[in-house]
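Me: Could you take a close look at one acidic residue in this model for me, and then follow the salt bridges and pockets outward from there? I'd enjoy a connected walk-through rather than a list.

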Amino acid sequence: MTTWTPEELAHLTESRSLVLSAGDGGNPGVELGMVLVAGRLYVRAYRGPRSQWYRAAHEQGRGQIRVGAVTRDVFLHARASAPASEIDAAYREKYGQAADALVASPAARAATTWIDPVP
């Protein structure tokens with residue numbers, strides 16, 4: 001596993017969202033809320049596994065994220081390495097009460113994506 005640089009972690013921690021493009025970056029991407037849990041980056045599709053970006057991300061397995069001035073090629077993993085309760089708690093801490101409506105539903109939990117930087 002490759003780790004995020006200190007600069008990237010700072011951007012991820014300070015930012016409210018990222019833009020994820022699946023595949024070779026030929027699409028404009030989708031803006032998503034994200035959280036860090038134990039140094040790992042997670043996003044969820046609030047519409048669940050049938051969400052278009054979620055399906056594209058997992059068909060491709062790779063993509064690119066943009067957070068502020070940082071752009072990074074990434075691997076997209078369908079299985080979260082952290083327990084759902086830890087990811088839920090991180091979303092609640094970062095986004096408050098809105099997190100429950102947006103990303104704490106069973107469908108959103110089923111569409112959790114772990115984002116890992118490409119070496």
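Reply: Happy to. Let's begin with Glu 8, which lies in helix H1. Please keep in mind throughout that this is a predicted model.

Is Glu 8 buried or exposed? Its relative accessible area is 8%, and because buried means under 20%, Glu 8 counts as buried. Setting aside neighbours within four places in sequence, Glu 8 is in contact with Val 70 and Arg 72. There is a local partner as well: a polar atom of the Glu 8 side chain lies 2.9 Å from the backbone nitrogen of Thr 5. As for Trp 114, which is 106 residues away along the chain, its C-alpha atom and that of Glu 8 are separated by 16 Å.

Arg 72 deserves a second look. Its side chain meets that of Glu 8 in a salt bridge, with 2.7 Å from N to O. This pair links distant parts of the chain, since Glu 8 sits in helix H1 (residues 6-14) and Arg 72 in strand E5 (residues 70-77), 64 residues apart. What about burial on the arginine side? Arg 72 has a relative accessibility of 14%, so with the limit at 20% it counts as buried too.

How many salt bridges does a search of the whole structure find? The answer is four. One of them joins the side chains of Asp 88 and Arg 44, at 2.5 Å from N to O. Asp 88 belongs to helix H3 (residues 84-95) and Arg 44 to strand E3 (residues 40-44), so this pair ties together parts that are 44 residues apart in sequence. Both Asp 88 and Arg 44 are buried.

Another salt bridge brings together the side chains of Asp 100 and Arg 92, at 2.6 Å from N to O. Here the surroundings read differently on the accessibility scale: Asp 100 is partly exposed at 39% relative accessibility, and Arg 92 is partly exposed at 37%. Salt bridges with shared partners also join Arg 44, Asp 88 and Arg 109 into one network.

Arg 44 leads us on to the pockets. The largest pocket has a volume of about 320 Å³. Which of its 16 lining residues are closest to its centre? They are Glu 31, Leu 32, Gly 33, Arg 44 and Tyr 46, so Arg 44, the salt-bridge partner of Asp 88, appears here again. At least two lining residues come from each of strand E2 (30-37), helix H2 (52-60), H3 and helix H4 (98-103). E2 gives the largest share, four residues. By type, the lining of this largest pocket has 10 nonpolar, three polar and three charged residues.

The second largest pocket has a volume of about 160 Å³. Its lining includes Leu 20, Ser 21 and Ala 22, together with Asn 27, Pro 28, Gly 29 and Val 30, and also Gln 52, Trp 53 and Ala 56. Strand E1 (17-22) and H2 each supply at least two of these residues. H2 is also among the elements that supply at least two residues to the lining of the largest pocket. In the second largest pocket, the lining divides into six nonpolar and four polar residues, with no charged ones.

To return to where we began: Glu 8 is buried, and its side chain meets that of Arg 72 in a salt bridge.

Key. Residues numbered from 1 in each chain as written. Predicted model: local features only at pLDDT ≥ 70, side-chain atom pairs only at ≥ 80, totals over all residues. Heavy atoms only, no water. Buried < 20%, exposed > 50% of the residue type's maximum accessible area, 1.4 Å probe, protein only. Contact = heavy atoms within 4.5 Å. Polar contact = N/O pair within 3.5 Å; in protein donor to acceptor, adjacent residues only side chain to side chain. 1 Å grid on protein atoms, 1.4 Å probe; cavity = no way out; pocket = protein on both sides within 12 Å on 5 of 7 lines; lining within 4 Å. Points joined across faces, edges and corners; volume = space filled by probe spheres on them. Nonpolar A, V, L, I, M, F, W, Y, C, P; charged D, E, K, R; others polar.
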